[in-house]
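Reader: I would like to learn how to read a few features of a protein model with you. Could we start with the space inside?

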Amino acid sequence: MRVALATAVRTLPQGAGLAYEPKFDGHRLVIARSAADVVLQARSGRIVTSAFPDLAAAALQLPAGTVLDGEVVVWHAGRTDFALVQRRAAATAVRAAVLAQSLPASYAAFDVLELAGLDVRARPYERRRALLVDLLLPLGPPLQPVPMTTDPELAATWYETLPASGIEGLVVKRLDQAYPAGRRGWQKLRHTDVRDAAVVGYTGTPRRPLALVLVLPVGDETPLVSSPLTAALRREVAEAAAAREAADPPATATAAAAAAATATVTAIGLGEVPYRALDPPLTAEVRHTSARHPPPEVLRLRTDL
């Protein structure tokens, strides 16, 4: 199931026919309820049902032939905690059953794609929203519709006050819009200049990565070197690099691929530095300015993609 995507904007869109939803800080998740079982799919298409047995069990209450789009979050100390969602997503099936008790997941649904086997993606968002609310309100947590308003003043209030609860910003949709599967048909407003970037490689060694080589989504394909990684990020990158190597061991790589495993990139203040390429790239969430100074700051890897 190809999910809808959003384009980042710097100001709150306003005008007639717009709907505003809080943007939860979690993992994108599609829930598909068939006559036989429930399947949970990440944005990348990867099946993650075993990681969230509590949500899979709750989704058995849905009518057969239902497909939902939304965000899985974990609440802790009154706010959503992305690190805890990452922990849930990375758990083995045995560990996931334990974590489902200590770190229960919630599902913030923002769209219904199929209902009773009927594909409703072509219907206007306003109609799909009504179907979603009618479907989920009788069930209650952990499956629930995200809040929505058509009032831009209330949306602005949400934008200013909800970050304390772990809300990243707002998603804006047209009321008359069909579900834009696989396209950036929505808009998103975040509180900082944070966006996803392609991680095409890293400096340092596989066991101790030092910085990431990034391609930012700003229309310039020139790779940039990030600021130094934190210890936690170094561990994550090392694990991801090890997983890539296990999937494609160097012994089986072609000579051309082996030669392309390292390259050089210009780093601010360092000149040309060597780096190890990652193919396919990873994705990281980064904070950066419009200039090349300072280098982008890596906030986290997006392993939910």
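Reader: What mix of nonpolar, polar and charged residues makes up the lining of the largest cavity?

Author: Happy to start there, and please keep in mind that this is a predicted model. The lining of the largest cavity has six nonpolar residues, three charged ones and one polar one. That makes up the 10 residues of the lining, and those nearest the centre of the cavity are His27, Ala42, Val48, Phe52 and Ala89.

Reader: Which strand gives the largest share of that lining?

Author: Strand β3, spanning residues 27-33, does, with three residues.

Reader: How many cavities of 30 Å³ or more are there, and how much space lies in the largest?

Author: There is one cavity of 30 Å³ or more in the structure. The largest cavity holds about 60 Å³ of space.

Reader: Let us turn to the packing. Which residues touch the most other members of the largest nonpolar core?

Author: The general idea is that nonpolar side chains tend to be buried together in soluble globular proteins. Here the largest nonpolar core has 34 residues, and Ile31, Leu40, Phe52, Leu55 and Leu68 touch the most other members. At least two residues of this core come from each of β3, β4 (38-42), α1 (53-59), β5 (66-76), α2 (82-89), α3 (93-102), β7 (105-115) and α4 (125-136). The largest share is that of β7, with five residues. Notice that Phe52 is on both lists: this residue is among those nearest the centre of the largest cavity, and Phe52 is also among those with the most contacts to other core members.

Reader: Now for the sheets. In what order do the strands of the open four-stranded sheet lie?

Author: As a general idea, strands of a sheet pair through backbone hydrogen bonds, either parallel or antiparallel. In this open sheet of four strands the order is β1-β11-β10-β2, and the pairing is mixed. At the edges are β1 (5-9) and β2 (18-24), each of which pairs on one side only. From one strand to the next, the twist averages 35°.

Reader: How many bridges join β2 to β10, and which residue in β10 stands opposite phenylalanine 24?

Author: β2 and β10 (residues 167-174) run antiparallel and are joined by seven bridges. Phenylalanine 24 has isoleucine 167 of β10 opposite.

Reader: β10 ends with residue 174. Is arginine 174 buried or partly exposed?

Author: The class follows from a cut-off: buried means under 20% relative accessible area, exposed means over 50%, and partly exposed lies in between. Arginine 174 has a relative accessible area of 42%, so this residue is partly exposed. Its C-alpha atom is 8.2 Å from that of glutamate 126, although the two are 48 residues apart along the chain.

Reader: Arginine 276 is another one I would like to place. Where is arginine 276 found, and why does this residue count as partly exposed?

Author: Arginine 276 is in strand β16, residues 271-287. Arginine 276 counts as partly exposed because its relative accessibility is 30%. The C-alpha atoms of arginine 276 and glycine 201 are separated by 5.2 Å, with their positions 75 residues apart along the chain.

Reader: Which peptide bond involving proline 280 is cis?

Author: The one from aspartate 279 to proline 280, with omega near 5°. Proline 280 is also found in β16. There is another cis peptide bond, joining proline 141 and proline 142, where omega is about 10°. Proline 142 lies in the loop between α4 and β9 (143-145).

Reader: While we are on backbone angles, what is the phi of alanine 77?

Author: Alanine 77 has a positive phi, about 55°, although this residue is not a glycine. Alanine 77 sits in the loop between β5 and β6 (79-80) and counts as exposed because its relative accessibility is 72%. Alanine 116 likewise has a positive phi of about 55°. Alanine 116 lies in the loop between β7 and β8 (118-119), and at 62% relative accessibility this residue counts as exposed.

Reader: One last strand: how many residues of β13 are buried?

Author: Six of the seven residues of β13 (residues 209-215) are buried, so the strand is mostly covered. β13 forms a hairpin with β12, with four residues between them. β12 (residues 194-204) and β13 are antiparallel and pair over six bridges, and valine 199 stands opposite leucine 214 of β13. β13 also runs antiparallel to β14 (residues 224-225), joined by two bridges.

How values were computed
Residues numbered from 1 in each chain as written. Predicted model: local features only at pLDDT ≥ 70, side-chain atom pairs only at ≥ 80, totals over all residues. Heavy atoms only, no water. Pairing = 2+ DSSP bridges. Axes fitted to C-alpha atoms, helices over the stretch in contact; angles between N-to-C directions. 1 Å grid on protein atoms, 1.4 Å probe; cavity = no way out; pocket = protein on both sides within 12 Å on 5 of 7 lines; lining within 4 Å. Points joined across faces, edges and corners; volume = space filled by probe spheres on them. Nonpolar A, V, L, I, M, F, W, Y, C, P; charged D, E, K, R; others polar. Core = buried A, V, L, I, M, F, W, Y, C linked by side-chain atoms within 4.5 Å. Buried < 20%, exposed > 50% of the residue type's maximum accessible area, 1.4 Å probe, protein only.
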